[in-house]
Amino acid sequence: MNIYDSTDTNDLIVQINKLTPAKKPNWGKMSLDQMHTHLNVLYLMAFTDKDTPSNSVAKFLLKLIIKKGVVVPKPNPKNGRTEPQFIIKNAKNFDEEKKKLISYIEKVRDRGNSNFEGKESQSFDPLTAEEWNVLFAKHMEHHLTQFGI
């Protein structure tokens, strides 16, 4: 999936629109409204300063240990460890969170890969446009699969 490509993002939005609040996950504990919110955190982090690691040691460890696993095309494992800022404990408004998610997807598409080339990541320092693509797409595909899409 190429998050900067209109055809791919339109297909992704169609898939998201197939999900209904009654859909149950194939694994994990999140409800669908929580999954939308969980996915929104990554986009929020890409566009704001929310959830920046508090010190350089934490950021160094994220780059050293975690980055290798998240910016490569290899799929995320089921029931993998979730970073605290991505854990959504309470129910959310399904329609509002879905609308935000689609808006973020469109925002990334509209800004294009040139906007993301060398863009600072709060966790990993600058990433290439391709690394951002993998980060967004892999996370999305993982959770759509979780909910049977």
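Two rings of Phe, Tyr or Trp are taken as a pair when their centres lie within 6.5 Å. In this predicted model, a search of the whole structure turns up 8 aromatic pairs. One of them joins Y43 and F136: the ring centres are 4.5 Å apart and the planes meet at 5°, so the pair is stacked, given that planes under 30 degrees apart count as such. The two partners come from distant parts of the chain, with Y43 in helix α2 (residues 32–47) and F136 in helix α5 (residues 129–146), 93 residues apart. Both are tucked away: Y43 is buried at a relative accessible area of 4%, and F136 is likewise buried at 1%.

Ring pairs also tie these two residues into a cluster, made up of Y4, Y43, F47, Y104, F116, W132 and F136. A charge joins the picture at F47, where the charged end of K107 sits over the ring, 4.2 Å from its centre.

Helix α2 itself is largely enclosed by the rest of the structure, because 15 of its 16 residues are buried. Its end C-alpha atoms are 23 Å apart, in agreement with the 22 Å expected at 1.5 Å a residue.

Helix α1 (residues 6–17) makes a friendly companion case: its 12 residues should span 16 Å, and the end C-alpha atoms are indeed 16 Å apart. The buried residues of α1 are T9, L12, I13 and I16. Seen down the helix axis, these residues fall within an arc of 100°, so they line one face of α1. They pack against α2, α4 (94–116) and α5. At the start of α1, a side-chain oxygen of D5 comes to within 3.1 Å of the backbone nitrogen of T7.

Methods:
Residues numbered from 1 in each chain as written. Predicted model: local features only at pLDDT ≥ 70, side-chain atom pairs only at ≥ 80, totals over all residues. Heavy atoms only, no water. Phe/Tyr/Trp six-rings, centres within 6.5 Å; stacked < 30°, edge-to-face > 60°. Helix = DSSP H or I, 4+ residues; strand = E, 2+ residues; numbered from the N terminus. Buried < 20%, exposed > 50% of the residue type's maximum accessible area, 1.4 Å probe, protein only. Lys NZ or Arg CZ within 6 Å of the ring centre and 35° of its normal. Expected span 1.5 Å × (residues − 1). Arc of directions from axis to C-beta. Contact = heavy atoms within 4.5 Å. Polar contact = N/O pair within 3.5 Å; in protein donor to acceptor, adjacent residues only side chain to side chain.
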